[in-house]
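Work through the exercises below with the sequence and the structure at hand. Try each task before reading its solution.

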Amino acid sequence: MQNNLLTIQASYQSLFDSKSEIEKELVNLKNWETTKLNYALKQISPGCFVYVMKDAQNSTDNSYWLCANCFNTKNHKSIFQRKYASGEDVVCHSCNAELNIPSKTQHQIPKPTGW
Ligand SMILES: [Zn+2]
């Protein structure tokens with residue numbers, strides 16, 4: 001009898017923990033769905049896609065590109081960083097994706113426009 005109660009209590013605790021985990025995940029997913037709405041996919045050069053803030057022109061927080069791979073597969077905002085101080089390549093330090101930016105699009109890095 002005592003053993004049965006303990007087993008039931010352990011099962012209950014396990015179910016409760018699972019429920020809490022699922023609730024946490026749901027909140028994260030809902031937050032991500034809201035965050036996603038602020039970004040749009042943009043082709044920065046043929047075959048190179050990044051996510052940029054939709055209202056980048058009006059925002060002070062407008063000077064970054066997000067890795068499309070991390071954005072779509074990890075539900076995570078990872079900012080492309082310049083690989084070398086003087087180079088044109090950018091890299092995502094989360095998934096190591098690299099983009100080679102043709103010089104003619106260089107001026108778009110500080111302020112993505114034209115989309
Ligand atoms: Zn990435």
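The exercises trace two sheets, strand by strand.

This is a predicted model: local features need pLDDT of at least 70, side-chain atom pairs count only at pLDDT 80 or more, and totals for chains, interfaces and linings use all residues. Residues are numbered from 1 along each chain as its sequence is written.

Two terms come first. Strands (E, at least two residues) are DSSP runs, numbered from the N terminus. Two strands pair if DSSP finds at least two bridges between them.

**Exercise 1.** Find the order of the sheet that contains S1, S2 and S3.

*Solution.*
- Start with S1 (residues 39-45) and S2 (residues 48-53): they run antiparallel, joined by six bridges.
- Check one bridge: glutamine 43 is partnered in S2 by phenylalanine 49.
- Look at the turn. Two residues lie between the strands of this hairpin, and glycine 47 has a positive phi near 80 degrees.
- Move on to S3. Two bridges pair S2 with S3, again antiparallel.
- Tyrosine 51 has leucine 66 as its bridge partner in S3.
- The result is an open sheet in the order S1-S2-S3.
- S1 and S3 (66-67) are at the edges with a single partner strand each, so one side of each has no neighbour in the sheet.

**Exercise 2.** Which strands are the edges of the sheet S4-S5-S6?

*Solution.*
- Pair S4 with S5 (residues 90-92): three bridges, antiparallel.
- Phenylalanine 80 is matched by cysteine 92 in S5.
- The open sheet has three strands, with antiparallel pairing.
- Its edges are S4 (80-82) and S6 (98-99), each paired on one side only.

Terms used. Helix = DSSP H or I, 4+ residues; strand = E, 2+ residues; numbered from the N terminus.
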